[in-house]
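Trainee: I should like to learn how the features of a protein and DNA model are read. May we go through one together?

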Amino acid sequence: MRTMGAMDLHAPILRWYDETARELPWRGPSASAWSVMVSEFMLQQTPVARVLPVHEHWLDRWPTPADLAAEATGEAVRAWGRLGYPRRALRLHAAATAIVEHHGGEVPDSYTDLIALPGIGDYTAAAIATFAHGRRHVVLDTNVRRVLARTVGGAELPGPSVTKAERETATELLPEDPPTAATWSVAVMELGALVCTATGPSCGACPVADLCAWRAAGYPAYDGPPRRAQAWAGTDRQCRGRLLAVLRDTEGAVHQSRLDAVWPDDTQRLRCLEGLVEDRLVVRTGAGRYALP
DNA sequence: TATTCGTGGTC
DNA sequence: TGACCAAGAAT
């Protein structure tokens with residue numbers, strides 16, 4: 001059962017997207033499936049503005065999956081730069097290798113083949129199948145979840161995990177025609193990214209403000225389970241970032257003393273270095289010497 | 001299901 | 001100014 005309000009969302013949002021959408025290198029008919037796939041890896045938990053220059057360099061250097069697969073994994077980690085979560089670079093490299101080995105070097109077009117690749121979960125598989133290949137899938141990312149939570153659900157923010165009801169709502173709203181479904185998904189994502197933002201939404205610029213259940217309810221505050229703030233200072237993540245930055249910015253191997261200099265806590269630094277080696281982001285090349293793989 | 005995993009911008 | 005957050009995935 002769908003609400004009358006939900007049905008009316010389509011035309012305004014599609015029109016808004018047509019008039020407002022950003023031109024991004026991975027959008028449009030000229031973008032390759034590989035370009036879309038690279039963008040989806042980079043955009044996982046990372047804003048568009050920071051992805052743009054790295055994506056451009058990446059596609060220039062490795063125009064196809066085979067080009068990346070032929071490189072050392074450490075070059076992928078280095079080219080990843082400061083996007084964060086560098087294991088994504090490793091997974092993208094591994095996915096490119098699997099594409100060469102099992103898919104003739106072409107990015108798969110089915111959700112099933114895509115989600116079997118490293119680094120690809122439900123969202124990314126649906127996004128690549130939809131935006132690179134025109135398949136019809138529910139694309140449920142944080143933007144879509146927030147827009148639907150507000151417009152349909154009347155809540156400020158979605159809960160911590162995707163619920164069955166949420167997926168059903170998204171499924172019912174997905175247009176039947178595959179090309180329209182693809183545009184709808186990217187349009188809702190764009191609305192969430194530019195207007196229906198997590199904090200300080202621009203409801204005055206929203207094409208469906210007059211249909212929004214959250215607005216109609218008087219903007220009730222989020223009342224779900226409290227979400228834990230992401231700790232940063234002093235964490236292993238910060239330490240790992242420091243260590244990897246040294247290796248990224250160095251050609252070849254570095255002596256351990258270089259790593260000692262960027263983190264004072266010996267126990268934590270050694271633990272993090274071991275973790276990086278375990279994760280295959282770093283290799284030990286000799287006694288007290290480390291490098292990118 | 002709950003944690004872990006980078007980095008930098010915003011208000 | 002520090003809390004919050006950004007096209008998630010893996011375990």
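The dialogue below takes up the domains, a salt bridge, an arginine in a loop and the two DNA strands.

Mentor: This is a predicted model, in which local features need pLDDT of at least 70 and side-chain atom pairs count only at pLDDT 80 or more, while totals for chains, interfaces and linings use all residues. Residues are numbered from 1 along each chain as its sequence is written, chains are lettered from A and ligands numbered from 1 in the order in which they are written, and side-chain values use heavy atoms, with hydrogens and water left out.

Trainee: Into which domains is chain A divided?

Mentor: Domain bounds come from an automatic or database domain assignment. In chain A, domain 1 covers 4-21 + 138-216, domain 2 covers 33-131 and domain 3 covers 236-291. The centres of domain 1 and domain 2, taken over C-alpha atoms, are separated by 26 Å.

Trainee: How many residues of domain 1 and domain 2 take part in the contact?

Mentor: Contact means heavy atoms within 4.5 Å. Domain 1 contributes 9 residues to it and domain 2 contributes 6 residues.

Trainee: What area do domain 1 and domain 2 bury between them?

Mentor: Buried area is the accessible area (1.4 Å probe) that two parts lose on being put together, summed over both. Here the value is about 550 Å², with 70% of it on carbon and sulfur atoms. On the side of domain 1, Val139, Ala182 and Met189 lose the most area to domain 2, and together they account for 54% of what that side buries.

Trainee: Which salt bridge should I look at?

Mentor: A salt bridge is a side-chain nitrogen of Lys or Arg within 4 Å of a carboxyl oxygen of Asp or Glu. The whole structure holds 15 salt bridges, and the count between domain 1 and domain 2 is 1. The side chains of aspartate 122 and arginine 167 form a salt bridge, at 3.1 Å from N to O.

Trainee: Why does the pair of arginine 167 and aspartate 122 tie together parts that are apart in sequence?

Mentor: Helices (H or I, at least four residues) and strands (E, at least two) are DSSP runs, numbered from the N terminus. Arginine 167 belongs to helix α11 (residues 164-173) and aspartate 122 to helix α9, so the pair links parts that are 45 residues apart in sequence.

Trainee: Where is the place of arginine 27?

Mentor: Arginine 27 is in the loop between α2 (10-20) and α3 (33-42). Leaving aside neighbours within four places in sequence, arginine 27 is in contact with Tyr17, Ala21, Arg22, Val186 and Glu190. A polar atom of the arginine 27 side chain lies 2.9 Å from the backbone oxygen of arginine 22.

Trainee: Let us turn to the DNA. Which residues come nearest to DNA strand C?

Mentor: A residue is near a molecule or strand if one of its heavy atoms lies within 4 Å of it. There are 26 residues around DNA strand C, of which Leu43, Gly119, Thr124, Asn143 and Ala198 come nearest. Of the strand C atoms within 4 Å of the protein, 62% belong to sugar or phosphate and the rest to bases.

Trainee: Which side chain has an N or O atom 2.8 Å from a phosphate oxygen of DNA strand C?

Mentor: That side chain belongs to asparagine 143. An N or O atom in the side chain of glutamine 230 is 3.2 Å from a base nitrogen of DNA strand C, and one in the side chain of aspartate 141 is 2.9 Å from a sugar or linking oxygen of that strand.

Trainee: How many residues surround DNA strand B?

Mentor: DNA strand B is surrounded by 17 residues, and the closest are Arg82, Pro86, Arg237, Arg240 and Gly241. Sugar and phosphate make up 65% of the strand B atoms that come within 4 Å of the protein. Helix α14 gives the largest share of the surface near DNA strand B, 4 residues.

Trainee: How does the surface near DNA strand B divide by class?

Mentor: Ala, Val, Leu, Ile, Met, Phe, Trp, Tyr, Cys and Pro count as nonpolar, Asp, Glu, Lys and Arg as charged, and the others, Gly among them, as polar. The surface near DNA strand B has 4 nonpolar, 5 polar and 8 charged residues. For DNA strand C, the classes are 11 nonpolar, 9 polar and 6 charged.

Technical notes:
Polar contact = N/O pair within 3.5 Å; in protein donor to acceptor, adjacent residues only side chain to side chain.
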